[in-house]
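Hi everyone, thanks for making time for this. I'd like to walk you through one structure, so let's put it on the screen.

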Amino acid sequence: MQSERFLRIKNAALAAFPYSLPMVTGFLFIGIAYGIYMKALGFGIWFPLLMALLIYAGSVEFIAAGALVAPFSPLSVALITLMVSGRQIFYAISMLEKYGRYLGKKRWYLISSLVDESFSLNYLAQPEKHIDKGWYMFFVSFYLHIYWAMGAALGNVFGKLIPVDLKGVEFAMTALFLVIFAENWLKEKSHESSLLGLAIAFLSLLIVGQQHFLIPTLFGIWIVLTVRRPKLASKLEALQ
């Protein structure tokens, strides 16, 4: 029984690794940039490494790094963190079924490690039938977590020795999401949901501007798709 369980976990780990690899370049380079930033603020390797492992929230870690050398203001940090990472609420709602109780204890790690990239990969994950999907999603999230922590540590230790300008490297993640969107578009039988999302994002951008459009966009998409869910479901059934 133990050997069967070990084999199931091993197969999931092996299958998840190549699926996570497209993210490694972006994670490592942005993590390295974060490690260099922490080094410039005067922190040794343990600070960025532990923050990468325990906070694991990308932009929030840059904010937290600045807060460590600024006057103590926990309320301001909390509000900024909520604004920057508020979108995770919507990701979590979308993953309620996939991260259900049937996954057991590992669901708690999946929930705590839900970031933009793990959401994108696990939401679209379709492992082979013989692969345990729960462990597969667990290892996808785990590998991404490790990539980020490795980048933060490497940036802090070797940052001054790397003759590479990291300015603008975060665009790699944007490009990757565009590829994921295009792939999902090609798989859709109906593009109505995607078009609604794009229209709501465009209207939010026009109304509130580039700096503040994300949260209104997410609220708008959630409200519109919730209201239209029965109609969209019936259309998908008709197309099948």
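Let me begin with a single side chain, phenylalanine 17, which counts as partly exposed because its relative accessibility is 38%. Before I go on, please keep in mind that this is a predicted model.

What does phenylalanine 17 pair with? A search of the whole structure turns up 15 aromatic pairs, and in one of them phenylalanine 17 meets tyrosine 143 edge-to-face, with 5.4 Å from centre to centre and 80° between the planes. Phenylalanine 17 belongs to helix H1, residues 2–20, while tyrosine 143 belongs to helix H9, so this pair ties together parts that are 126 residues apart in sequence. Tyrosine 143 has a relative accessible area of 16%, so tyrosine 143 is buried.

Here is another pair for you: tyrosine 109 with phenylalanine 138. This one is tilted, at 5.1 Å centre to centre and 55° between the planes. Again distant parts of the chain are linked, since tyrosine 109 is in helix H7, residues 106–112, and phenylalanine 138 is in helix H9, 29 residues apart. Phenylalanine 138 is buried too, with a relative accessible area of 16%.

Now put those rings together on the screen. Phe17, Tyr109, Trp135, Phe138, Phe139, Phe142 and Tyr143 are linked by ring pairs into a cluster.

Rings also meet charges here. Arginine 107 has its charged end over the ring of tryptophan 108, 4.9 Å from the centre of that ring. Lysine 98, in turn, lies over the face of tyrosine 123, and the distance to the ring centre is 5.7 Å.

Let's go back to helix H9 and move along to asparagine 156. Helix H9 covers residues 133–158, and asparagine 156 is part of it. Is asparagine 156 buried or exposed? Its relative accessibility is 3%, so asparagine 156 counts as buried. And what is asparagine 156 in contact with, once we leave aside neighbours within four places in sequence? The contacts are Gly35, Ile36, Met38, Lys39, Phe43, Gly44, Ile45 and Pro48.

One more helix before we zoom out: H6, residues 87–94. The buried residues there are Arg87, Gln88, Phe90 and Tyr91. They sit on the same side of H6, because they cover an arc of only 155° around the axis.

So, the overall picture. The protein has 12 helices and zero strands, so if you read the elements from the N terminus on, you will find α every time. Of its 240 residues, 35% count as buried. If you take the contacts with a separation of 6 or more, 76% of them are between residues 24 or more positions apart. The accessible surface comes to about 14,900 Å², and carbon and sulfur atoms hold 70% of that.

Finally, a look at the annotation. An unreviewed UniProt entry places the feature "transmembrane region" at residues 12–37, 49–69, 75–96, 137–157, 169–186 and 198–225. How do two of those spans look in the model? Residues 12–37 are 88% helix and 0% strand, with end C-alpha atoms 35 Å apart. For residues 49–69, the chain is 76% helix and 0% strand, and the end C-alpha atoms lie 17 Å apart.

That's my tour, and I'm happy to rotate the view for anyone who would like to see a particular spot again.

Key:
Residues are numbered from 1 along each chain as its sequence is written. Side-chain values use heavy atoms; hydrogens and water are left out. Helices (H or I, at least four residues) and strands (E, at least two) are DSSP runs, numbered from the N terminus. Buried means under 20% relative accessible area, exposed over 50%, partly exposed in between (1.4 Å probe, protein chains only). Contact means heavy atoms within 4.5 Å. UniProt positions are given in the numbering used here, feature names are shortened, and annotations may be inferred rather than shown by experiment. The arc is that of the directions from the helix axis to the C-beta atoms. Rings of Phe, Tyr and Trp (its six-membered ring) pair if their centres lie within 6.5 Å; planes under 30 degrees apart count as stacked, over 60 as edge-to-face and the rest as tilted. A charge sits over a ring if NZ of Lys or CZ of Arg is within 6 Å of the ring centre and within 35 degrees of the ring normal. Accessible areas come from the Shrake-Rupley method with a 1.4 Å probe; for residues, only the protein chains shown count as cover.
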